[in-house]
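Student: Could you take me through one part of this model in detail, choosing a residue and then working outward to the elements around it? I would like a connected account rather than a list.

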Amino acid sequence: MPATSPATIVSDPGNIDATLSQLTSELHRYVLHSRSVPRDFAEFIAKSGVQAPAPPTGKKYAIQKRAVVLVKR
C-alpha cells in the first residue's frame, strides 16, 4: 500500500498574494500527481489534503484559469 503524505498546510502570512501563490502552487502539484483537474476549489481541498487559511471577509477561494483566486461570496 502506498503511504499517504501528510496534509500540506498553507500558512496565512498576512499577504493574500503570497497565500494565493502558495495555493496555486499546491493546485499545480495536485494536478500533476493526480492527472486530473478539480472542478472547483472545494473539490481541490477535499481531494488534495491541502489546508487553506480562511479567506478574507466577504470573499471565497475559486479556481480560474489554472490559478487560485478570490471572488465575492
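Tutor: In this predicted model, a good place to begin is Glu26, which, once its neighbours within four places in sequence are set aside, is in contact with Thr8, Val10, Phe44 and Val50. Glu26 belongs to helix 1, and because its relative accessible area is 12%, under the 20% cut-off, Glu26 counts as buried. The contact with Phe44 leads on to the packing of two helices, since Leu23, Glu26, Leu27 and Tyr30 of helix 1 meet Phe41, Phe44, Lys47 and Ser48 of helix 2. Sorted by class, this contact between helix 1 and helix 2 comprises 5 nonpolar, 1 polar and 2 charged residues.

As for the geometry, two packed helices are described by the angle between their axes and by the distance between those axes. Here helix 1, residues 16-34, and helix 2, residues 41-48, pack at an angle of about 65 degrees, and their axes are 11 Å apart. That angle makes helix 1 roughly perpendicular to helix 2, and the crossing of the two helices is left-handed.

The loop between helix 1 and helix 2 contains Arg39, which, in contrast to the buried Glu26, is classed as exposed because its relative accessibility is 73%, over the 50% cut-off. The side chain of Arg39 nevertheless makes a polar contact, at 3.1 Å, with the side chain of Glu43. Looking further along the chain, Arg39 and Gly49 are 10 residues apart, and their C-alpha atoms are separated by 16 Å.

Notes:
Residues are numbered from 1 along each chain as its sequence is written. This is a predicted model: local features need pLDDT of at least 70, side-chain atom pairs count only at pLDDT 80 or more; totals for chains, interfaces and linings use all residues. Side-chain values use heavy atoms; hydrogens and water are left out. Axes are lines fitted to C-alpha atoms, for helices over the stretch in contact, and angles run from 0 to 180 degrees between N-to-C directions. Helices (H or I, at least four residues) and strands (E, at least two) are DSSP runs, numbered from the N terminus. Angles under 35 degrees count as roughly parallel, over 145 as roughly antiparallel, 65 to 115 as roughly perpendicular and the rest as oblique. A crossing is left-handed if the near helix is turned anticlockwise from the far one by less than a right angle, and right-handed if clockwise. Contact means heavy atoms within 4.5 Å. Ala, Val, Leu, Ile, Met, Phe, Trp, Tyr, Cys and Pro count as nonpolar, Asp, Glu, Lys and Arg as charged, and the others, Gly among them, as polar. Buried means under 20% relative accessible area, exposed over 50%, partly exposed in between (1.4 Å probe, protein chains only). A polar contact is a pair of N or O atoms within 3.5 Å; within protein, one must be able to donate a hydrogen and the other to accept it, and residues adjacent in sequence count only if both atoms are side-chain atoms.
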